[in-house]
Amino acid sequence: MSESDFADLRGKQFERADLTGARFSKVSLNEASFQSCELYRVVMRGVEILDTTIDGEIQGLVINGVDVAPLVEAELDRRDPDRRKFRPTDSQGFREAWDLNERLWASTVERARRLPPELLHESVDGEWSFIQTLRHLAFATESWVGRCVLGDPSPWHPLSLPWDQMEPRPGVPHDRDARPSLDEALALRRQAMAMMRRVVDALTDEQLDGRTKPLVGPGWPDEGESFAVRECLLVVLNEEWCHRMYAERDLAVLEARA
């Protein structure tokens, strides 16, 4: 088929679009960009993939008959053995993981402090700035530890930052454009980290295997939901690990700009 046989949708932007069940046949997606997209149970046949980068949570990705997700996980663990420690199985493991997390983030924050303050508000390739990352991690801890584990119906600070695609929810802050200083963002961050510290220091294996009480009042996660305590704490550890890796990646770019 010639180019004239294709509908010209080059450069179009699709935001908050539901394409569930859509069918793409003889479609060019060259140089396309996907951000914060869901690709559950997607089937691709006869595709050509070249020089493509995928970052995200990957499970059950079968390429030419091979589930590559476990291979990717194993390689990531091989590259950085500390990564395994962020998937603890008992209460002592959670304490050790949080000890390590505090040390790793202290190093990352020290790296950020060496940059001009204005660069800490800069986005790299459309991602959150360093300041926004700190604000989001506070939100994650407040939500999964403060709200879920400790039962505070409204644990959020006004500067806490949910993910960009969250629909407005009563009582949940969402000021993406706020520009607090690094010290202001760190004060918020330390408060949330101290909350996690108190929980893991007192954690027992029995508590770890328990469930949270159903959530009360509007917010995130949703009212009435209940979770395994283990799941809540693992969500926080995963957020901490992933966003520090993203921050380190982007700090390298910002250092080149400085």
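Student: Which residue forms a salt bridge with E248, the closest N and O atoms being 3.9 Å apart?

Tutor: A salt bridge here is a side-chain nitrogen of Lys or Arg within 4 Å of a carboxyl oxygen of Asp or Glu. For E248 the partner is R244, with the closest N and O atoms 3.9 Å apart. E248 and R244 are four residues apart in helix α6, so about one helical turn separates them. Helices are DSSP runs of H or I of at least four residues, strands are runs of E of at least two, and both are numbered from the N terminus.

Student: What should I know about the model and its numbering?

Tutor: This is a predicted model, in which local features need pLDDT of at least 70 and side-chain atom pairs count only at pLDDT 80 or more, while totals for chains, interfaces and linings use all residues. Residues are numbered from 1 along each chain as its sequence is written, and side-chain values use heavy atoms, with hydrogens and water left out.

Student: Are E248 and R244 buried or exposed?

Tutor: Buried means under 20% relative accessible area, exposed means over 50%, and partly exposed is in between, using a 1.4 Å probe and protein chains only. By that rule both E248 and R244 are buried.

Student: Which other side chain meets E248 in a salt bridge?

Tutor: The side chain of R111 does, with an N to O distance of 2.3 Å. R111 is in helix α2 (residues 91–113) and E248 is in helix α6 (residues 229–257), so this pair ties together parts that are 137 residues apart in sequence. R111 and E248 are both buried. Helix α2 also holds R113, which is tied to D183 in helix α4 (residues 182–202), so parts 70 residues apart in sequence are joined. The salt bridge between D183 and R113 has an N to O distance of 3.1 Å. D183 is partly exposed, at 48% relative accessible area, and R113 is partly exposed too, at 39%.

Student: How many salt bridges are there in the whole structure?

Tutor: The search finds 20. Some are linked in a network, whose members are E73, D77, R83 and R87.

Student: How do I read the packing of two helices, such as α3 and α4?

Tutor: Two packed helices are described by the angle between their axes and the distance between the axes. Axes are lines fitted to C-alpha atoms, for helices over the stretch in contact, and angles run from 0 to 180 degrees between N-to-C directions. The axes of α3 (residues 130–149) and α4 come within 9 Å and cross at roughly 30°. Angles under 35 degrees count as roughly parallel, over 145 as roughly antiparallel, 65 to 115 as roughly perpendicular and the rest as oblique. So α3 and α4 are roughly parallel to each other.

Student: What is the arrangement of α2 and α3?

Tutor: α2 and α3 pack at an angle of about 150°, and their axes are 12 Å apart. That makes α2 roughly antiparallel to α3.

Student: Where does R135 lie?

Tutor: R135 is in helix α3. R135 is buried, with a relative accessible area of 0%. From R135 to S28 the C-alpha to C-alpha distance is 38 Å, and the two are 107 residues apart in sequence.

Student: What backbone features should I look for?

Tutor: Most residues other than glycine have a negative phi, and most peptide bonds are trans. K26 has a phi near 55°, a positive value. K26 is in the segment before β1 and counts as exposed, at 62% relative accessibility. D125 also has a positive phi, near 55°. D125 lies in the loop between α2 and α3 and is exposed, at 74% relative accessibility. As for the peptide bond, a cis bond joins W220 and P221, with omega about -10°. P221 lies in the loop between α5 (205–208) and α6.

Student: Which residues make the nonpolar surface patch?

Tutor: A patch is made of residues with over 30% relative accessible area and no salt bridge; like charges are joined within 9 Å, and nonpolar side chains (Val, Leu, Ile, Met, Phe, Trp, Tyr) within 5 Å. Accessible areas come from the Shrake-Rupley method with a 1.4 Å probe, and for residues only the protein chains shown count as cover. Here L19, F24, V27, L29 and F34 make a nonpolar patch of about 540 Å². One of them, V27, is in the segment before β1 (62–63). V27 counts as partly exposed, at 46% relative accessibility.
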